[in-house]
Amino acid sequence: MKLVVDAPAKINLTLNMEGRREDGYHLLSSVFQAISLSDTVTLTDDGAQGITLSMTDPALPCDSRNTAYKAAQVFYEYTGITPCVSIYVEKRIPQQAGLGGGSSDAAGVLVGLNALHHTELSLETLCELGEKVGADVPFCIVGGTAMVTGIGEIIEPITPLSACHIVVAKPAVGISTAQAYRAVDSVDTVRADQAAMRAAIENGDLAAVGGLLSNAFEQALAIPEVEEVLTKMRTFSPLGCRMSGSGSAVYALFDDAQTASLCAHSLSSAVQSYECVPLNSGATIIKTE
C-alpha cells in the first residue's frame, strides 16, 4: 500500500515570547497560518521491515536526526506495530526558514502512518505524538488558522484567514533555532496585540491583519538580509510583511493576485520566492494506491 500526503508549511502572523518553563523550554503565544507551500511525503508498506527514509535534498540526514524519521519511530513505539515503512519526502519548503519544514514532514508521516496501518488514532493522540518530535508538529497536523500557546502544543483553531495572496521569500542566510532563541532572550521586544489580531481575522479585515503582523524574533535578530528583502517587498505596497518564526524566511500579504505575482517575480532573481495562499487544513492525504 502507498499513501501520498501533502505537508503544508506555516507562517506566524504574530509571535510573542512568554518566558520559559522550568525545564528550559520557551513559551510563546502566536497566530499560526498554514500556507500552500508544501512538501510531499510518500509512505509505502512494501512488506520490508524497518524504517527507511529518502529525500530530494541530499544535504538532509535520513536517519534518526531527521524529524520525519523520528515521527515514524514515535508512531511505532506508541502503537507497538513492527516498523515497516519506506518514506520519501519531496522537499519544497526551505530549511532554516521559520516555515516549519521539518515539522510539516513529521506531521505528514504521523498522518500517513495512521492511515497506512488503519490505527484510527484520534487527532488529539496524533498531536501528542507530534509534540514528542517537535513543538510545531501538532499545528502542522491540525493546520488552518490557530492561536498557539505553550511551547506550541496548545492549539485553538480560530476563524480562517480571509482569502488572500501570500508571497514568501527565503534569503540565502539561514538561522538556527538555538541562535534565534539566544537573541530573543537578550532583548526586550514589542508585543503583538493578539486580541486585536484575532478580531481582525474574525472580521475578515485583511488590512487590519496586515497592520498587526508582529514577530519577536525579527525584532531581536535584526538580520540585514531579512531587512533587505522586506524593504523590496514594501515597494509593492503589501497589506503587511514580516519574518516568519525564527527566520530567515519573510512573507508579504496581498489582496491582489497580480501584485503578489509581480512581487514574487521581482524577488526571484536574488532569493527563493514562492506564491502561496492560506490553507484551512494541515497534513492531508491526497492519494492512496
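**Figure 1. Helix α2 is mostly covered, with 14 of its 16 residues buried.** Here "buried" means under 20% relative accessible area, "exposed" means over 50%, and "partly exposed" is anything in between (1.4 Å probe, protein chains only). Helices (H or I, at least four residues) and strands (E, at least two) are DSSP runs, numbered from the N terminus. This is a predicted model, so a word on the ground rules: local features need pLDDT of at least 70 and side-chain atom pairs count only at pLDDT 80 or more, while totals for chains, interfaces and linings use all residues. Residues are numbered from 1 along each chain as its sequence is written, and side-chain values use heavy atoms, with hydrogens and water left out. What length should α2 have? At 1.5 Å a residue, its 16 residues should span 22 Å, and the end C-alpha atoms are indeed 22 Å apart. The expected span of a helix is taken as 1.5 Å times one less than its number of residues.

**Figure 2. Helix α1 (residues 67–79), from cap to end.** The 13 residues of α1 should span 18 Å, and its end C-alpha atoms agree at 18 Å apart. At the N-terminal end, Asn66 acts as the cap: one of its side-chain oxygens is 2.8 Å from the backbone nitrogen of Ala68. That fits the cut-off for a polar contact, a pair of N or O atoms within 3.5 Å; within protein, one must be able to donate a hydrogen and the other to accept it, and residues adjacent in sequence count only if both atoms are side-chain atoms. After the helix comes Gly80, with a positive phi near 80°. The buried residues of α1 are Ala68, Tyr69, Ala71, Ala72, Val74, Phe75 and Tyr76. What do they pack against? Strands β3 (50–55) and β4 (84–90), plus helices α2 (101–116) and α3 (123–133).

**Figure 3. Two aromatic pairs turn up in a search of the whole structure.** The rings of Phe32 and Phe139 have centres 5.0 Å apart and planes at 65°, so this pair is edge-to-face. It bridges distant parts of the chain, with Phe32 in strand β2 (residues 26–44) and Phe139 in helix α4 (residues 137–142), 107 residues apart. Both partners are tucked away: Phe32 has a relative accessible area of 2% and Phe139 has 1%. Phe75 and Tyr76 make an edge-to-face pair too, with centres 5.4 Å apart and planes at 80°. Phe75 is buried at 0%, and Tyr76 is buried at 4%. For the bookkeeping, rings of Phe, Tyr and Trp (its six-membered ring) pair if their centres lie within 6.5 Å; planes under 30 degrees apart count as stacked, over 60 as edge-to-face and the rest as tilted.

**Figure 4. Lys10 sits over the face of Phe32.** The distance to the ring centre is 5.1 Å. A charge sits over a ring if NZ of Lys or CZ of Arg is within 6 Å of the ring centre and within 35 degrees of the ring normal.

**Figure 5. Where Val85 sits in strand β4.** Buried or exposed? Val85 is buried, at 2% relative accessible area. Its C-alpha atom is separated by 8.6 Å from that of Leu53, 32 residues apart along the chain. Leaving aside neighbours within four places in sequence, Val85 is in contact with several residues, among them Leu43, Ile51, Tyr76, Leu113 and Leu116. Contact here means heavy atoms within 4.5 Å.

**Figure 6. Cysteines without disulfides.** A search of the whole structure finds zero disulfides, where a disulfide is a pair of cysteine sulfur atoms within 2.5 Å. Why is Cys241 unbonded? The closest cysteine sulfur, in Cys263, is 8.3 Å away, too far for a bond. Cys276 has its closest cysteine sulfur in Cys164, at 10 Å, again too far. Cys241 is buried at 6%, and Cys276 is buried at 5%.

**Figure 7. Some backbone oddities.** Most residues other than glycine have a negative phi, and most peptide bonds are trans. Gln96 has a positive phi of about 45° although it is not a glycine; Gln96 lies in the loop between β4 and α2 and is partly exposed at 45%. His118, just after α2, has a positive phi of about 55° and is exposed at 59%. The peptide bond from Gly247 to Ser248 is cis, with omega near 10°, and Ser248 belongs to the loop between β8 (240–243) and β9 (250–254).
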